[in-house]
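Thanks for coming. I have one structure to go through today, and I will keep it short. Please have the sequence and the model open while I talk.

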Amino acid sequence: MSETLTRRDELLRVAADLFAHRGFHGVSVNDIGRAAGVSGPAIYRHFASKDAMLAEMLIAISEELLRVGRERAGAADRPAEGVRALVAWHADFALRERALIVVQDRDWSSLPDEAREQVRALQREYVDLLVAAQRGVHPRLDRKTALARAHAVFNLLNSTPRSSYLPTEQMRAELEGMALRALDVSDRPD
């Protein structure tokens, strides 16, 4: 996300932190407003509802993951470099956006149906980036196995809200190392 946050972005950030700590249903619009330094009803100038906030939050982060993932994979000259770039990007995201990972995991069922389908479609495209990169490294790897590995690796990387006992840079190195070994690219030359 950009360094300069709009008021709307600030409200989403505050809401994500509150949702992560108390759950979507444990947070009111008034709670979000109070934490953001505005009245609860002021939220409605930016969002139609709390549901709309959750939808925008998870759609926006899914779009960002896909956009940056495409950039990183597209900039790679070789398949192993593409896998490394995708793993590094997701490790960075997971360490930076722990609240959003918790919200996505715990409050998924609270998403309106249309938003859930949009997030699902974006996530499938994002996972496919890692599937394609893996198959570039391992041409005999079938799609189902590559898909299983991609999901396992993303679950590993997304474990940061529950597993991050180390300083951030050390945790990043551990996560990336484990993910690359699981994808069998840790010792492959680019």
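I will start with residues 28-47. The C-alpha atoms at the two ends of that span are 13 Å apart. By composition the span is 40% helix and 0% strand. The reason for picking this stretch is an annotation: according to UniProt, in an unreviewed entry, residues 28-47 carry the feature "DNA-binding region". Keep in mind throughout that this is a predicted model.

Next, one residue, V38. Where does V38 sit? It is in the loop between α2, residues 29-36, and α3, residues 50-75. Is V38 buried, exposed or partly exposed? Its relative accessibility is 25%, and buried would require under 20% while exposed would require over 50%, so V38 counts as partly exposed.

What does V38 touch, if we leave out residues up to four places away in sequence? The list is R7, L11, G33 and I43. Take L11 from that list: it is 27 residues from V38 along the chain, and the two C-alpha atoms are separated by 9.7 Å.

Now the whole chain. It has nine helices and zero strands, so for anyone reading the element string from the N terminus, it goes α-α-α-α-α-α-α-α-α. The radius of gyration is 18 Å, and the globule rule gives 16 Å for 190 residues; those values are close, so the chain is as compact as a globular protein of that length. Along the principal axes, the C-alpha trace spans about 55 × 35 × 30 Å.

On burial, 46% of the 190 residues count as buried. On contacts, take those with a separation of 6 or more: 68% of them are between residues 24 or more positions apart.

Last item, a helix pair. How do the axes of α7, residues 143-157, and α9, residues 168-182, cross? They come within 10 Å of each other, and the crossing angle is roughly 170°. Anything over 145 degrees counts as roughly antiparallel, so that is the label for α7 against α9.

Which residues make the contact? From α7 we have R149, V153, L156 and L157, and these meet L175, M178, A179 and A182 in α9. Sorted by class, the contact has seven nonpolar residues, no polar ones and one charged.

To recap the annotated stretch: UniProt puts the "DNA-binding region" at residues 28-47, and that entry is unreviewed. V38 lies in the loop between α2 and α3. That is what I have.

Methods
Residues are numbered from 1 along each chain as its sequence is written. This is a predicted model: local features need pLDDT of at least 70, side-chain atom pairs count only at pLDDT 80 or more; totals for chains, interfaces and linings use all residues. Side-chain values use heavy atoms; hydrogens and water are left out. UniProt positions are given in the numbering used here, feature names are shortened, and annotations may be inferred rather than shown by experiment. Helices (H or I, at least four residues) and strands (E, at least two) are DSSP runs, numbered from the N terminus. Axes are lines fitted to C-alpha atoms, for helices over the stretch in contact, and angles run from 0 to 180 degrees between N-to-C directions. Angles under 35 degrees count as roughly parallel, over 145 as roughly antiparallel, 65 to 115 as roughly perpendicular and the rest as oblique. Contact means heavy atoms within 4.5 Å. Ala, Val, Leu, Ile, Met, Phe, Trp, Tyr, Cys and Pro count as nonpolar, Asp, Glu, Lys and Arg as charged, and the others, Gly among them, as polar. The radius of gyration is taken over C-alpha atoms; the globule rule is 2.2 Å times the number of residues to the power 0.38. Buried means under 20% relative accessible area, exposed over 50%, partly exposed in between (1.4 Å probe, protein chains only).
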